[in-house]
Amino acid sequence: MFTGIVEEVGQVKAIRSGRITISANLVLKKTKPGDSICVNGACLTVTSLSNDSFSVDVMPETLNRTNLGVLQSGSHVNLERALTPESRIGGHFLQGHIDTTGSVLSVKPEGDALIMRFTAPQEIMHYVVEKGFIGIDGLSLTIIQRQETSFDVSLVSYTQEHTVLGQKCPGDTVNIEVDIIAKYVEQFVRKEKEGVTIDLLMEEGFI
């Protein structure tokens, strides 16, 4: 579980045979093999460590369904260590399970902020609500406006300078994770509409 508050931007050091090695500093502290680190929003398991980098193994499924598949040596990535009981939750709960990818549609300055518009597949747009949360490349953001197949967020100066989103251009691919609470609500509402059935009673443990 993660908060969507990026701790640092790392740099891809090497990619080979399903393994990505990333140069980092802050996220290495107290990290050991087997721990989880969120890389551009995807929860990955640390397989090895050095003084200035860590490695993760990435399945073909993950490479195909996220923007990790387009990373190259030298690419920058958002990094966050897994949430602990003592952590402050400055963003919202993210699982590190990418729902889909989208792309940057436009980037427009607004004072010191940047208004970024992202396109997203139709099947996830019903989870996208104005003033709601969304995870973009592992970053917790608030949706400021919603269109039929796209949505807008605002990046303050700090976010532009301390995450990879500030360097994104129209056409770039991003990882998207919708708010898990919206998924739960949708499931509960669907069950309520279906009414009480034998399958529902068995699923909930009543029989």
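A quick word on terms before the points: a residue is buried under 20% relative accessible area, exposed over 50%, and partly exposed in between (1.4 Å probe, protein chains only).

1. **What we are looking at.** This is a predicted model, with local features needing pLDDT of at least 70 and side-chain atom pairs counted only at pLDDT 80 or more, while totals for chains, interfaces and linings use all residues. Numbering starts from 1 along each chain as its sequence is written, and side-chain values use heavy atoms, with hydrogens and water left out.

2. **The main core.** The largest nonpolar core (buried Ala, Val, Leu, Ile, Met, Phe, Trp, Tyr and Cys joined through side-chain atoms within 4.5 Å) has 22 residues. F118, I134, I136, L141, F151 and I176 have the most contacts inside this core. At least two residues come from each of β8 (113-119), β9 (133-136), β10 (139-146), β11 (150-155) and β12 (173-178); strands here are DSSP E runs of at least two residues, numbered from the N terminus. A second, separate core holds 19 residues, including I20, L28, V39 and A42. As background, nonpolar side chains in soluble globular proteins tend to be buried together.

3. **I176, one to click on.** I176 is found in β12 and counts as buried because its relative accessibility is 0%. Setting aside neighbours within four places in sequence, its contacts (heavy atoms within 4.5 Å) include I98, D99, T100, T101, G102, I124, I134, I136 and F151. I176 also has T66 with its C-alpha 8.6 Å away, although the two are 110 residues apart along the chain.

4. **The strands around β12.** Five of the six residues of β12 are buried, so this strand is largely enclosed by the rest of the structure. On one pairing (at least two DSSP bridges between the strands), β7 (residues 100-110) runs antiparallel to β12 with four bridges, and G102 stands opposite V174. β9 also pairs with β12 in the antiparallel sense, over three bridges, and here I136 sits opposite I176. That gives I136 two roles: a place among the residues with the most contacts inside the largest core, and a place across from I176.

5. **Two more residues in this part of the fold.** L141 touches G132, F133, I134, I136, V153, L155 and L165, again without counting residues up to four places away. S106, in β7, counts as buried because its relative accessibility is 18%. With the same kind of exclusion, up to four places in sequence, S106 touches I115, M116, R117 and P170.

6. **The β1/β2 hairpin and β5.** β1 and β2 pair antiparallel over five bridges, with V12 and I22 as bridge partners. The two strands form a hairpin with two residues between them. β2 also runs antiparallel to β5 (residues 53-57), joined by five bridges, and R19 stands opposite D57 there.

7. **Two positive phi values to check.** Most residues other than glycine have a negative phi. S17 is not a glycine, yet has a positive phi of about 50°; N40 is not a glycine either and also has a positive phi of about 50°. S17 lies in the loop between β1 (8-16) and β2 (19-23), while N40 lies in the loop between β3 (36-39) and β4 (42-49). Buried or exposed, then, for S17? S17 is exposed, because its relative accessible area is 81%. N40 is buried, because its value is 2%.

8. **The pocket.** About 350 Å³ of space lies in the largest pocket, taking the volume as the space filled by probe spheres on grid points joined across faces, edges and corners. A pocket is an open set of points on a 1 Å grid over the protein atoms alone where a 1.4 Å probe fits, with protein on both sides within 12 Å along at least five of seven lines; lining residues have an atom within 4 Å of a point. There are 15 lining residues, and E7, R81, A82, L83 and T84 lie nearest the centre. The lining divides into three nonpolar, five polar and seven charged residues, with Asp, Glu, Lys and Arg counted as charged and Gly among the polar ones.

9. **R81 at the pocket.** R81 lies in β6 (residues 76-81) and is partly exposed, because its relative accessible area is 24%. Outside four places in sequence, R81 is in contact with F2, E7, L26, V27, K29, T31 and S36. One of these, S36, is 45 residues away in sequence and 6.5 Å away, C-alpha to C-alpha. E7 also joins R81 among the residues nearest the pocket centre.
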